[in-house]
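Thanks for coming. I have one structure to go through today, so let me put it on the screen.

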Amino acid sequence: MSFIILIIGFFFLIKGADLFVDGTSSIARKFNVPPMVIGLTIVAMGTSAPEAAVSITSSLAGQNDMSVANVVGSNFFNILVVLGVSAILAKLPVEKNTIRKDTPFLILISLLLLLFGINMNVSRIEGIILLVLFAYFLYSTVMNAKSTSSESVAETATTAELEVGEEMAMGKTILLSIIGIIGIILGGDMVVNSATNIATSFGMSANLVGLTIVAIGTSLPEFVTSVIAVRKGETEIAIGNVIGSNIFNILLVLGLAATISPINISMFALIDIVFMFAITILLYFFIKKSNSLVRYQGIIFIVIYLAYMTYTIIR
């Protein structure tokens, strides 16, 4: 029964995030918010909404291991599987700004999370620091995007992140947004409760369930977004989508979770954070080498993921 509830929870999470993005994006357009800003904020947050719902619900329920494992697991799933599969499908070019600023920033905050976790705890103050860094990242990204004044970037930010629907009536957009939020909250609660029951019944740790089942499920929006973008020929945004989502996950999701309730980190979770930090550096070296990700690098990512998952299950 728990598996059925888990699947239903994932459905509510993903569909809720989709409706939330459609509704809020339509509202933003009605108020003449630039498409580029919509893509960089609302849509990006929408794809990270499942992680946020699960981690915050886990924090409120005292399941701190699952809160951290969900974010960390989602982040290395995004890099190793989402980018791995995308790179196997097609060569992924990388924008200069992603190499110069966004990826080094992701490395920096991954290191910061590791330093915060060394004492086996992420305090409320450290959570607030993550949220402040998130506000800075959001502000600097939007300001930089506006300064480029590039229509092509504006179009890419929206169409490649999953196109929103046609213009809708205000009442409908508000209704969709509300339904989306309810779906996200309800789905997050169902996923956490069912995953906890699964862990208990099989003698699995909450950390293992968070790293595998929950992390994969909450990363589906990023996976679908990137694969569809690649299939449509929008290969240049696949890496940006993953890096942006990973930054959101660490700063916004864990920042909110730790601010609500300080997070205790197990030794296994700390090892997973070290692994996440290491593969983020590997991603940087790969894209720095040729300003792109290619097929053999994608295969390497998939092999690393399978090897680490095997280690995680048997440890």
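At what angle do H4 and helix H10 pack, and how far apart are their axes? The angle is about 30 degrees, and the axes are 10 Å apart, with H10 covering residues 238-260. That makes H4 roughly parallel to H10, since an angle under 35 degrees counts as roughly parallel. The crossing of these two helices is left-handed. On the H4 side, the contact is made by Thr98, Asp102, Thr103, Phe105, Leu106, Ile109, Ser110 and Leu113. On the H10 side, the residues are Ile239, Ile243, Asn246, Ile247, Ile250, Leu251 and Leu254. Sorted by type, the residues of this contact come to ten nonpolar, four polar and one charged.

Before the next pair, some context. What you see is a predicted model. The protein chain has 315 residues, and 54% of them count as buried. Its secondary structure comes to twelve helices and four strands. If you take the contacts between residues at least 6 apart in sequence, 87% join residues at least 24 apart. The accessible surface is about 13200 Å², and 71% of that belongs to carbon and sulfur atoms.

Now back to H4, which covers residues 96-117, and its packing with helix H11, residues 267-290. Here the angle is about 165 degrees and the axes are 9 Å apart. H4 and H11 are therefore roughly antiparallel to each other, the cut-off for that being over 145 degrees. H4 passes H11 in a left-handed crossing. From H4, the contact takes in Ile99, Thr103, Pro104, Leu106, Ile107, Ser110, Leu111, Leu113, Leu114 and Gly117. H11 supplies Leu270, Ile273, Val274, Met276, Phe277, Thr280, Ile281, Tyr284, Ile287 and Lys288. These residues divide into 15 nonpolar, four polar and one charged.

Next, single residues within the helices. Which residues does Leu251 touch, once residues up to four places away in sequence are not counted? They are Phe105, Ile109, Leu130, Leu131, Leu133, Phe134 and Phe137. Phe105 and Ile109 belong to the H4 side of the contact with H10, and Leu251 itself is found in helix H10. Leu251 is buried, with a relative accessible area of 0%. There is also a long-range pairing to mention: Leu251 and Gly127 are 124 residues apart in sequence, yet their C-alpha atoms are 8.1 Å apart in space.

Asn249 is in helix H10 as well. Is Asn249 buried or exposed? Asn249 is buried, at a relative accessible area of 0%. Leaving aside neighbours within four places in sequence, Asn249 is in contact with Ser48, Glu51, Val71, Ser74, Asn75, Asn78 and Leu254.

One of those partners, Asn78, sits in helix H3, residues 64-89. Asn78 is likewise buried, with a relative accessible area of 0%. With the neighbours within four places again left out, the contacts of Asn78 are Leu83, Ser219, Glu222, Val242, Ser245, Asn246 and Asn249. Asn246 in that list also appears on the H10 side of the contact with H4.

That leaves the loops. Which residues have a positive phi although they are not glycines? Met120 is one, with a phi of about 65 degrees. Met120 lies in the loop between H4 and strand S2, which is 121-122. At 26% relative accessibility, Met120 counts as partly exposed. Asn291 is another, with a positive phi of about 55 degrees. Asn291 is found in the loop between H11 and strand S4, which is 292-293. Asn291 is partly exposed, with a relative accessible area of 45%.

The last residue is Pro262, in the loop between H10 and strand S3, which is 263-264. Pro262 is partly exposed, at a relative accessible area of 30%. How far apart are the C-alpha atoms of Pro262 and Asn121? They are separated by 7.1 Å, while the two residues are 141 residues apart along the chain.

To close, back to the helix pairs. Two packed helices are described by the angle between their axes and the distance between the axes. For H4 with H10, that is about 30 degrees and 10 Å; for H4 with H11, about 165 degrees and 9 Å. That is all I have.

How values were computed: Residues are numbered from 1 along each chain as its sequence is written. This is a predicted model: local features need pLDDT of at least 70, side-chain atom pairs count only at pLDDT 80 or more; totals for chains, interfaces and linings use all residues. Side-chain values use heavy atoms; hydrogens and water are left out. Buried means under 20% relative accessible area, exposed over 50%, partly exposed in between (1.4 Å probe, protein chains only). Contact means heavy atoms within 4.5 Å. Accessible areas come from the Shrake-Rupley method with a 1.4 Å probe; for residues, only the protein chains shown count as cover. Axes are lines fitted to C-alpha atoms, for helices over the stretch in contact, and angles run from 0 to 180 degrees between N-to-C directions. Angles under 35 degrees count as roughly parallel, over 145 as roughly antiparallel, 65 to 115 as roughly perpendicular and the rest as oblique. A crossing is left-handed if the near helix is turned anticlockwise from the far one by less than a right angle, and right-handed if clockwise. Ala, Val, Leu, Ile, Met, Phe, Trp, Tyr, Cys and Pro count as nonpolar, Asp, Glu, Lys and Arg as charged, and the others, Gly among them, as polar.
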